[in-house]
Amino acid sequence: MKQVVQNYKSGELALLDVPEPACKPGGVLVRTVYSLISTGTEMMKVSEASMSLVGKAKARPDQVAKVMQSVATNGLSATYRKVTSKLDSYTPLGYSLCGVVEQVGDGITDVAVGDLVACAGNEHALHAELNWVPKNLYSPVPAGVDPRHAAFGTVGSIAMQGVRRGEPQIGDVALVIGLGLIGQLVVQLLTSSGVRVVGVDPDPERCKLAESLGALTCAHPASGIVDTAVDELTHGAGVDQTYLAAGGNTNDPVELAAKLSRDRGRVIDIGKCKLDLPWNAYYEKELDVRFSRSYGPGRYDPSYELEGRDYPIGQVRWTERRNLECVLDLIARDRLDVEPLITHVSDFSSAVDTYKSLNEGALKAVAVLFRYPDAVARTEPVVTSARVGLTSSSAAALPAGQPVRLGFIGAGNYASSMLLPHLVERADVELKHVATTSALSGANARRKFGFAAASTDIDNVLGDSSIDAVFVVTRHSSHAELTRQALLAGKTVFVEKPLALSEAELQKVLDAIEESGNDRLQVGFNRRFAPLLHEAREQFGPRVGPASVRYLVNAGRLDHGSWYNQTDSEGSRFAGEGGHFIDTVSWLLDADPVSVYATGDLQVTLGYQDGSTAVITYAETGSSGFPKETLDVVADGKVLKFDDFFRASVYARKKWASSRIPKGRDKGQAAEVNAFLEAVRTGAPMPIPVESLAATTLATLAAQTSAANSAPVRIELPRKAGAPA
């Protein structure tokens, strides 16, 4: 299928061929009829992409701050790879469309194949021929509504949420600053609510349009006309609300809002404009500044948007979806007229030229639609392919000279920055197939890393008998099930940590090993492969007596929007990454833990059979300026000190210190991949025994159980697959 994409590094726009998305449970597959270009948000993104790196940095200081933090935590080299990979990727455009339901996922009962729906979301309502849309981000289109008009549903919801934040009342006077697409919709919604509206915009044509849609007076901000109108309408008191629907780097909108607002008036920011508030002006009037967050409550909440968990109407009257339904209802009842806003309708095949015309100013528009002429309502559901037959596992060496043929399930940021760069240049590796949830992610991975094929169906990877090994690099909640399927399909498996989020999930993986006889499994515990840590361990030498280990993990706080916060579906943060640190300690001690005791603040004490102990402090409240990982090992009159993959030293009869500071913090990903490929190529045992992988996973899960119950947990090591019970 075709999809509009942009490379943020080069600014290149393209109409790209990408795999069709799969229809997952909890949503519907929609064939687009019309999609709407947001001439504000999207064109700002398009414009930013054409800037130099310095220009991009100035435009997104928030991202610069994240990059600097990543440098402090992961080092310059790793951060450079990560940022370069992210910049040099195709990203999607679009977030508002109308289309026809082509396939219905499990759990969906409110729409059927052939229904017309309006869809929202910058990950789900893209400028693409097909989109998978979760339940709370679509709404059925009322009978008689033109699909072109229904495509305005999302941007209408943005305007509506802004108006709701302003809490207008009948008879109020409101000022709308910025009469682009959102501003024009705000004018109409306010007018329909009995509010008298004055508008501001430097473009006289937009002012005329707003007046034709209900505004009393609209003019250039410097003309004085608006000041006079506000004075007359409010008898000198000032407007009740000001809606900032403008963009750009000027501070004029917020200053004008202060000037024309009444005492204790409300200022609502809907657009993305400069907000350097003049303190005296806002303080003296005690102005109430409010932000409007996109389409409404539910936005940026994965449990609402992705998992379909609605908010109770008694607590949250207007959610994203209910706003979308309301906009469509207003359009159906002729209370919201979007037809005058449509400046241009372009065939989807001309999408790239349309964007260029908008960006260069040749096409001046309030709203532009893409028309998908080949969109046809299909009356029968799409039938997915059946599960392929299973093959038996084998540890035989590959034929001499044959490359290791790899399949990837998932190709997100970690895979693209930490794993695939170590594979793409190797002559002894062939990247056969990548399967991703998002069609565009697969297309990006295929373009950047040279995969022979890309799709959204994992059966294309697991069912390909020519693939020797599979990398599972998806979100945590899917690791165990995908690993189980891959083992049963006879593949050698590399799965990123964690292996499982519960003992039941782990048991299913072990059952698959026993059922298939295939124990060719590696978990992405990369730290035990880090060159500097290997060197320090060698310098420390053999251990005779028990050891005492202290491991401080200065994890820091997560960003609010991080998917690691989705604990209901993805497990706790420690369940996701705690195995890294437990595995590192166990490798250093050459043993697996037999007991775990953890406190509520996640200080985890591990006990080992020989009397060794390790205390792992997993801290989220430390300083971002302090190293992320520091480790001390004490035994036999010796001390090993390890500082964040940057420095290491051993204090013994003769002190040793790392001879040079490495260029970057090598956390072992390259060596980890090498060890995995060597095992696949030669048929040798996997780098980490399955028993150790299971013990580490059990200890990670036990830490949470212990913290919850304030009691130690004994680790029962699993028996070897195929061994007698």
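**Notebook: helix pairs, a sheet and a salt bridge**

I began with two helices and noted that the axes of α6 (residues 153-166) and α13 (residues 320-332) come within 8 Å and cross at roughly 105°. I am working from a predicted model. Angles of 65 to 115 degrees count as roughly perpendicular, and α6 and α13 are therefore entered as roughly perpendicular to each other. I then listed the residues that meet between these helices: on the α6 side they are Gly 153, Thr 154, Gly 156, Ser 157, Met 160, Gln 161 and Arg 164, and on the α13 side Asn 323, Leu 324, Cys 326, Val 327 and Leu 330.

Next I looked up a second helix pair, α19 (residues 503-516) and α24 (residues 690-709), whose axes come within 10 Å and cross at roughly 170°. With angles over 145 degrees counted as roughly antiparallel, I recorded α19 and α24 as therefore roughly antiparallel to each other. From α19, I found Glu 503, Leu 506, Leu 510 and Ile 513 meeting Val 690, Ala 694, Thr 697, Leu 698 and Leu 701 of α24.

I turned to the sheet and traced six strands in the order β11-β10-β9-β12-β13-β14, which form an open sheet with parallel pairing. At its edges I found β11 (217-219) and β14 (288-291), each of which pairs on one side only. From one strand to the next, the twist averages 15°.

Within this sheet I followed one pairing in detail, that of β9 (residues 173-177) with β12 (residues 239-244), which is parallel and runs over four bridges. Here I noted that Ile 177 stands opposite Leu 244 in β12. I also saw that helix α10 (residues 252-260) lies across β9, β10 (196-200), β12 and β13 (261-269), and that α10 runs at about 150° to β13.

I then checked the surface for nonpolar side chains and noted a patch formed by Leu 275, Leu 277, Val 289 and Phe 291, with about 300 Å² of accessible area together. I placed Phe 291 in strand β14, which I had already entered as an edge strand of the open sheet.

Last, I looked up the salt bridges, for which the count comes to 32. I followed one of them, in which the side chains of Arg 371 and Asp 347 meet at 2.4 Å, N to O. Arg 371 belongs to strand β16 (residues 367-371) and Asp 347 to strand β15 (residues 342-347), so I recorded that this pair ties together parts that are 24 residues apart in sequence.

Conventions. Residues numbered from 1 in each chain as written. Predicted model: local features only at pLDDT ≥ 70, side-chain atom pairs only at ≥ 80, totals over all residues. Heavy atoms only, no water. Pairing = 2+ DSSP bridges. Axes fitted to C-alpha atoms, helices over the stretch in contact; angles between N-to-C directions. Contact = heavy atoms within 4.5 Å. Patch = residues over 30% accessible without salt bridge, like charges linked within 9 Å, V, L, I, M, F, W, Y side chains within 5 Å. Areas by Shrake-Rupley, 256 points an atom, 1.4 Å probe, with all protein chains shown as cover. Salt bridge = Lys/Arg side-chain N within 4 Å of Asp/Glu carboxyl O. Parallel < 35°, antiparallel > 145°, perpendicular 65-115°, else oblique.
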